[in-house]
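This report is an introduction for a reader who has not met the structure before. Please look through the sequence and the model shown here before reading on.

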Amino acid sequence: MVKIAPSILSADFCRLGEDIQKVSSADWLHVDVMDGMFVPNISIGVPVVKSIRAHTDMFLDVHLMVEKPGRYIRAFADAGADLLSVHLEADMPPALHAALDEMETLGVKRGVVLRPITAAEAVIPYLERGLDLVLVMTVEPGFGGQSFMADQLPKLAAIRSYIEKYSPGCLLEVDGGVNAETAKLCRQAGADVLVAGSAVYGAKDIPAAIAALRGDARG
Ligand code: DX5
Ligand code: ZN
């Protein structure tokens, strides 16, 4: 069954502990780190991940929207991230491969992320080396609450087939504008993990919203 990863970008940071508790029926917690350079927004960093780690056993899926993310792999691993994902556009390939090597050494799961502009084929050299997750952005990264880009669905399906060919077992995650309707399209295209910020935290009944994203009849 598909995993749901609520994005705490849509939480109330003054009540972060309570807001994490509210999504305990989900599978992972998605943490958006933004540096104001790779994306125009600034969000949260290492100390917040460390505090979250002390508060929950949920799997921490940390999405690094930062330039030259290799600089921060050790810090986020030490803070307690379970998985780190680095953007293919955030550095040159040798530096990204080195960052993925470091994740492996530190025992953190290895992810790469594609902006909407980046072609599906760009992921192949990384799948060939072995990856735990590919994240496909279905909005321009930087902000929650944007509309799902349906033109990314063929890319999702293409990456699903590359995963089967080059790195079976690697998970396919989707992030941006995922709600009960678009979740269905993502599941049909072969997604394993769905990130959702506003569709979860904007819902009156959060457990029902999480169930709806899974495609559970309750939603
Ligand atoms: C956007 C972030 C997303 C964001 C998703 O740059 O990577 O994780 O929180 O928010 P929604 O689900 O509202 O599009
Ligand atoms: Zn994200």
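## The zinc site

In this predicted model, the zinc ion (ligand 2) has as its protein donors His 30 through NE2, Asp 32 through OD, His 63 through ND1 and Asp 175 through OD, which lie 2.0 to 2.3 Å from the ion. Along the sequence, these donor residues of the zinc ion (ligand 2) follow the spacing H-x1-D-x30-H-x111-D. Distant parts of the chain are linked by the pair His 63, in strand 3 (residues 59-65), and Asp 175, in strand 7 (residues 171-175), which are 112 residues apart.

The arrangement around the zinc ion (ligand 2) is octahedral because its six donor atoms subtend angles of 70 to 170°. For six octahedral donors, the ideal angles at a metal are 90 or 180 degrees.

## Burial of two donors

His 63 counts as buried because its relative accessibility is 0%. Asp 175 has a relative accessible area of 8% and is buried too, since the cut-off for a buried residue is under 20%.

## Met 65 and its surroundings

Strand 3, which holds the donor His 63, also contains Met 65. With a relative accessibility of 1%, Met 65 counts as buried.

When residues up to four places away in sequence are left aside, Met 65 touches Asp 32, Val 33, Met 34, Asp 35, Phe 38, Val 39, His 87, Pro 141 and Gly 142. One of these contacts, Asp 32, is also a protein donor of the zinc ion (ligand 2). Another, Phe 38, lies 27 residues from Met 65 along the chain, and the C-alpha atoms of the two are separated by 6.0 Å.

Technical notes
Residues numbered from 1 in each chain as written. Chains lettered and ligands numbered in written order. Predicted model: local features only at pLDDT ≥ 70, side-chain atom pairs only at ≥ 80, totals over all residues. Heavy atoms only, no water. Donors = N, O, S within 2.8 Å, 3.2 Å for Na, K, Ca; no water. Tetrahedral: all angles 85-135°; square planar, octahedral: opposite > 155°, others 65-115°. Helix = DSSP H or I, 4+ residues; strand = E, 2+ residues; numbered from the N terminus. Buried < 20%, exposed > 50% of the residue type's maximum accessible area, 1.4 Å probe, protein only. Contact = heavy atoms within 4.5 Å.
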